[in-house]
Structure formats: C-alpha cells, structure tokens
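Please walk through this structure from its overall fold down to single residues.

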Amino acid sequence: MSVTDVEAPARRAAKPVRKPPRKPRPAPGAKRFSPLRVLGSTIVWLFTAGNILVLYWLLTASFKTPVEIFTKPFDLPYQWFKVGKPFRNFIYAWNNAGFGEAVLTTVVLVGLATVVTVAVSAPCAYALTRLGVRGAGPMTNVVAIGMGVPFQTVIIPLFVVLSKVHLDNEYGLFVLYVALSIPFTVFLMTGFFRSLPDELEEAAALDGASPTRTFFSVMLPLTRGGMITALTLNAIGLWNETLLAIVFLKDQAHFTLSRALFTFYGAASYQSEYGGLIAGVAIVVLPMLVLYLVLARRIITGLTLGAGK
C-alpha cells in the first residue's frame with residue numbers, strides 16, 4: 001500500500017463541512033413583530049380615544065340644555081346657540097357656585113403651596129444626594145415611603161390636631177398641601193441632582209465657593225427643568241384636590257374651586273341644571289388641562305431626565 005492510498009481517506013475526512021446559510025439580519029430601522037407591543041399599543045390608543053371622547057362630551061355638554069344632554073349626548077349643541085345664549089350655562093355656574101371668590105382663593109393657595117413646596121424640597125434633595133450626609137440613603141427611602149401613605153388614612157387625626165390649634169381653615173389646608181407634597185417633590189428632585197456631574201462642585205470649591213453658594217449659584221439653576229416639572233405637577237394635583245378642602249374649609253367665602261363645585265353639585269342637581277353643573281366642571285378642569293398641554297413636552301422631558309440618571 002502506497003503513501004498516497006493512506007493519505008486519501010484522511011483528505012476526505014478533512015473535507016470542510018458546509019454550514020447552513022445565515023438568516024438575513026433585519027435592517028437597522030426595522031422593528032420585529034411583537035404581539036405584546038401590538039397589544040400594548042392597542043390599549044394605549046383605546047385609552048387615549050376614550051379620554052378624547054370624554055373631553056369632547058364635557059365640552060359639548062357644557063353648552064347644551066338638560067334635554068339635549070340626555071337625548072343627544074354626542075351631538076353638537078344647538079338650543080342655546082339658537083336663542084343667542086351660547087354661554088348661558090357658564091354664566092349660571094359662575095354666578096350660583098361662587099366661582100369668583102373661589103378662583104382667587106384657589107390661585108393664591110395653590111400658587112403659594114407649590115412655590116413653598118419646591119423651595120423646601122430642593123435644598124433637602126440637594127443635601128441627600130450631594131453633600132454626603134450620614135444616613136442619606138435611609139432618609140431618602142423614608143421619603144419614598146411617605147409617598148405611599150394615603151392621606152385618607154390620617155385625615156381624622158390631622159383634623160383633630162389642627163382643630164386644637166385653630167388651623168381647621170385655609171391656613172391649615174395650606175400647611176397640609178405643603179406637607180403632603182414634599183415627599184414626591186424631594187423624590188423627584190433627587191433624580192435631577194444625581195444627574196449633575198461632580199466636576200461642577202469641585203470647580204466651585206476650587207474657586208472658594210461654599211456649599212450654600214454652590215447650591216444657589218451653580219446647581220440650582222441647572223435643575224430648572226426639574227423645578228418646572230415639580231411646580232406643574234404639584235399645581236395640577238393641588239388644584240383638583242377636593243377631600244381635604246371639604247373637611248377643613250367651612251366658610252364659603254374661602255372655598256376652593258373644587259369645594260365650591262362640590263357644594264354647587266347639590267343645588268344644580270336639585271334644580272335639574274345639569275348643563276350648568278357640567279359647565280362648572282369644565283371651569284374647574286380646563287385651566288389645568290391647558291396648562292398641561294402647554295408644558296407637556298417640558299414635563300415629560302423633566303420626568304425622563306430625572307428618572308434616567
């Protein structure tokens with residue numbers, strides 16, 4: 001047997017094995033089909049369509065007569081426009097619900113509460129995230145836990161305590177608004193302060209700036225987006241707050257909009273003035289809706305930045 005005959009099987013054994021062809025990769029911009037994504041998108045669009053339908057009904061019903069509201073709920077208003085009184089429901093609600101004084105009270109109360117909340121929460125968030133305070137981690141967790149405690153569970157003790165110190169009025173309501181808004185605002189602002197680079201504080205320290213000056217001159221201006229987000233979200237939440245206002249406000253001259261609307265509900269329902277009642281709801285809801293639509297991009301950007309770092 002020759003050497004060639006011995007090497008022939010080895011060559012055949014070493015013959016390379018053909019690999020199956022690779023599947024073509026999808027284009028960089030192409031998205032794979034996902035049933036969960038389709039289901040999620042469907043739910044989101046259905047939820048959005050439902051909200052738009054409710055908003056359409058609220059706007060059109062506020063210009064209708066009670067008969068039109070029940071017989072033609074989704075048609076455009078006609079009767080009040082026919083007689084030349086398109087804003088009759090809004091005028092009725094404004095005059096009979098006491099919204100004139102309530103608007104002033106709500107703007108002052110909510111405006112002061114949101115500004116004080118952010119003014120107190122920003123230094124707290126800065127101290128917890130940037131100053132190396134001992135126990136900052138556990139304290140931040142305690143603040144986060146405070147967000148999960150429903151105030152409805154402590155409303156009776158709060159009323160008893162504040163009544164004893166004669167704060168069962170708009171001043172006590174202001175204190176509660178600030179106290180209940182601080183946990184969320186501190187938690188939100190900590191994300192913004194964590195996103196800032198350490199080099200900024202180091203450069204300020206080399207220039208001889210104290211921690212206080214560094215906070216006010218360097219760090220705080222850089223979290224302007226976070227402060228706007230906190231101000232807007234707190235304003236929307238406090239503007240629509242009703243339960244605390246019902247419990248603590250007794251003088252009709254100091255009612256907030258939501259408290260005045262609650263009182264107006266009984267009178268309007270008794271007189272079957274459903275058009276005026278819905279117009280009152282629109283007066284309360286629309287200002288915050290417009291505010292959110294104007295600042296929606298900034299709010300979403302702020303929440304994303306604060307949560308992503």
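Helices here are DSSP runs of H or I with at least four residues, strands are runs of E with at least two, and both are numbered from the N terminus. The model is predicted, with local features requiring pLDDT of at least 70 and side-chain atom pairs counted only at pLDDT 80 or more, while totals for chains, interfaces and linings use all residues. Residues are numbered from 1 along each chain as its sequence is written, and side-chain values use heavy atoms, with hydrogens and water left out.

The protein chain has 15 helices and 0 strands. Of its 309 residues, 32% are buried; buried means under 20% relative accessible area, exposed means over 50%, and partly exposed lies in between, with a 1.4 Å probe and protein chains only. The accessible surface comes to about 19,700 Å², and carbon and sulfur atoms account for 68% of that surface. These areas come from the Shrake-Rupley method with a 1.4 Å probe, and for residues only the protein chains shown count as cover. A contact is a pair of heavy atoms within 4.5 Å. Among contacts in the chain with a separation of 6 or more, 73% join residues 24 or more positions apart.

The unreviewed UniProt entry annotates residues 38-59, 102-128, 140-162, 174-193, 214-239 and 274-295 as "transmembrane region". UniProt positions are given in the numbering used here, feature names are shortened, and such annotations may be inferred rather than shown by experiment. Two of these spans can be set side by side. Residues 102-128 are 100% helix and 0% strand, and their end C-alpha atoms lie 38 Å apart. Residues 140-162 are 70% helix and 0% strand, with 27 Å between the end C-alpha atoms.

Next comes the interior. A nonpolar core is a set of buried Ala, Val, Leu, Ile, Met, Phe, Trp, Tyr and Cys residues joined through side-chain atoms within 4.5 Å. The largest such core has 40 residues, and Phe 99, Leu 173, Tyr 177, Leu 244 and Phe 264 have the most contacts inside it. Helix H15 (residues 274-308) supplies the largest share of this core, 7 residues. The core lies between domain 1 (35-84) and domain 2 (96-305) because both give residues to it; the domain bounds come from an automatic or database domain assignment. Beyond its neighbours within four places in sequence, Phe 264 is in contact with Tyr 92, Ala 93, Asn 96, Ala 97, Gly 276 and Leu 277. Another core lies apart from the largest one and has 17 residues, among them Val 118, Phe 193, Met 219 and Ala 230.

Three buried polar residues can now be inspected in turn. A polar contact is a pair of N or O atoms within 3.5 Å; within protein, one must be able to donate a hydrogen and the other to accept it, and residues adjacent in sequence count only if both atoms are side-chain atoms. Thr 60 lies in helix H2 (residues 35-61) and is buried at 7% relative accessible area. A polar atom of the Thr 60 side chain is 2.9 Å from the backbone oxygen of Tyr 56. Leaving out residues up to four places away in sequence, Thr 60 touches Pro 73, Asp 75, Leu 76 and Pro 77.

Asn 234, in helix H12 (residues 224-239), has a relative accessible area of 6% and is buried. The side chains of Asn 234 and Thr 185 make a polar contact at 2.9 Å. Outside its neighbours within four places in sequence, Asn 234 is in contact with Thr 114, Thr 117, Ser 181, Phe 184 and Thr 185.

Arg 130 belongs to helix H6 (residues 99-130) and is buried, with 13% relative accessible area. A polar atom of the Arg 130 side chain lies 2.7 Å from the backbone oxygen of Phe 193, a residue that is also part of the 17-residue core.

Met 147 is found in helix H7 (residues 136-147) and is partly exposed at 37% relative accessibility. Not counting residues up to four places away in sequence, Met 147 touches Pro 183, Phe 184 and Phe 187.

His 166 sits in the loop between helix H8 (155-164) and helix H9 (170-194). Most residues other than glycine have a negative phi. His 166, which is not a glycine, has a positive phi of about 60°, and His 166 is exposed at 65% relative accessible area.
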